[in-house]
Amino acid sequence: MSRRRKTRADRRGQPIHPPPARRFRLLPAPLSLSLSLSLSLAITEHSPSIDSSPPPPAPAATARPSTTTINIMQQQQQTTTTTTTQLQTTTPRRMRQQEEAAAKATEDSRRFLFDAGKPPPFRIGDVRAAVPPHCWRKSPLRSLSYVARDVAVVAVLAMAAAALDSWALWPIYWAAQGTMFWALFVLGHDCGHGSFSDSATLNSAVGHLLHSFILVPYHGWRISHRTHHQNHGHIERDESWHPITEKLYRQLEPRTKKLRFTVPFPLLAFPVYLWYRSPGKNGSHFLPSSDLFSPKERADVMLSTTCWCIMLASLLAMACAFGPAQVIKLYGVPYLVFVMWLDLVTYLHHHGSHERLPWYRGEEWSYLRGGLTTVDRDYGWINKIHHDIGTHVIHHLFPQIPHYHLVEATEAARPVLGRYYREPQKSAGPLPLHLFGVLLRSLRVDHFVSDHGDVVYYQTDHTLNTQDQKQK
């Protein structure tokens, strides 16, 4: 009996080997690690030490794991739970970041791929439908009130300058009066479009009075400006500030190139344009036989030229009565400021955009695509003085809208125009000084367009800029 027990006791102390034929199933990493640690601790506790002390008695079959083993297992379980929670929390966050980055990349690629020369995804009827109905209504009384206001300001400025006659104040008068001359031109311009009133007689009468006063032949300019609107953005058929082809550009004399692209000469081009038109075109705004006019329009042109001659004769008479110096100070210098305003505004409405603007020929041109190449400008405090002429895109598409509705019509049409509408750079102060930088940059890079292709863009003559730098 004691021998059998001893044998069993001896057998309990021997290591137990698993059967060779049994296969183990792989366990998860945290659980397998915990079991390994438990097993190693158990073996360490029950294995004989290096001294000669007898081994401890074997644990019973129902013995529980030691406290150290339980603590290690609990720590591993907490670590596994924390890691899983962090992964579950971090994964959605990373997914959102990846989605935002992908959306931004898609938006940037769309911006990069936007081509202003492509046909727009809307029709001109869609733009017209977005404009509120009241924006099309013309009020003769309201239009005449603007005329009365501007004429009164011109008269007060002239009387005050003549009475004070101070060289310290003359420059201020010239700038202010020249700006008012430009405001009178804009009102006469509305008469030419028919947006002043629905009466052709009233439009013609007011237009002749305003434009003749600032030495502009009303009907001659009205007809050529109508041609400009009907063919805006077309290389050959456009009338004002249209690009010249490379072949024609190479034929220009160096002096002509310098005059065309060097300030201040482009800002004094309007009187020359009235007499000789643009390079490559023949005719005059004063001659009824010009290519600009049809036989039915020759009588109107003759009437406007006659009014222009009457105004010029009046100025000569005033020079004889009060002296040439007084006429030059009161009228001549403000007239030059007005010409600069006109050339600056009309040029920048078709040039100098931060993105390349297309020009068309052939079947690629359409009235809508040509009108979308125009650019709005912000003139600070001058916006209201010159009757919001800076809202040029809608004006070019629908010249029948009165100037006092252009801002509202533009805001209503912007959602339809989308990226084809270019937000104007805001003036940092009351005066649009930022536009002079835009003008100078455009004159440096916008020189000519290709002789070939139905959608073309301005190109630069680098030799012209090099010559200018050498001369400086």
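Which residue follows H12, and what is the sign of its phi? I looked at the end of the helix and found Gly323, whose phi is positive, near 100°. I note that this is a predicted model, in which local features need pLDDT of at least 70, side-chain atom pairs count only at pLDDT 80 or more, and totals for chains, interfaces and linings use all residues. Residues are numbered from 1 along each chain as its sequence is written, and side-chain values use heavy atoms, with hydrogens and water left out.

**Helix H12**

I then read the helix itself, taking helices as DSSP runs of H or I with at least four residues, numbered from the N terminus. H12 covers residues 298-322, and its 25 residues reach 36 Å from the first C-alpha to the last, close to the 36 Å expected at 1.5 Å a residue, where the expected span is 1.5 Å times one less than the number of residues. I listed its buried residues (under 20% relative accessible area, 1.4 Å probe, protein chains only), and they are Val301, Ser304, Thr305, Trp308, Met311, Leu315 and Ala319. An α-helix has 3.6 residues a turn, so residues three or four places apart point the same way. Among what covers the buried residues of H12, by contact (heavy atoms within 4.5 Å), I found helix H7 (200-213), H8, H11 and H13.

**Cavity and pocket**

I next searched for enclosed space, where a cavity is a set of points on a 1 Å grid over the protein atoms alone at which a 1.4 Å probe fits but cannot get out. The structure holds one cavity of 30 Å³ or more, and the largest has a volume of about 70 Å³, a volume being the space filled by probe spheres set on points joined across faces, edges and corners. Its lining residues (an atom within 4 Å of a point) include Trp241, Arg260, His351 and Asp446.

A pocket is instead an open set with protein on both sides within 12 Å along at least five of seven lines, and the second largest pocket has a volume of about 810 Å³. Of the 35 residues that line this pocket, the closest to its centre are Trp241, Ala269, Phe270, Tyr273 and Asp343. The largest share of the lining, five residues, comes from H8.

**Cysteines**

I finally looked for disulfides (pairs of cysteine sulfur atoms within 2.5 Å), and the whole structure has zero. Cys135 is buried, with a relative accessible area of 0%, whereas Cys320 is exposed (over 50%), with a relative accessible area of 72%.

Technical notes. Helices (H or I, at least four residues) and strands (E, at least two) are DSSP runs, numbered from the N terminus.
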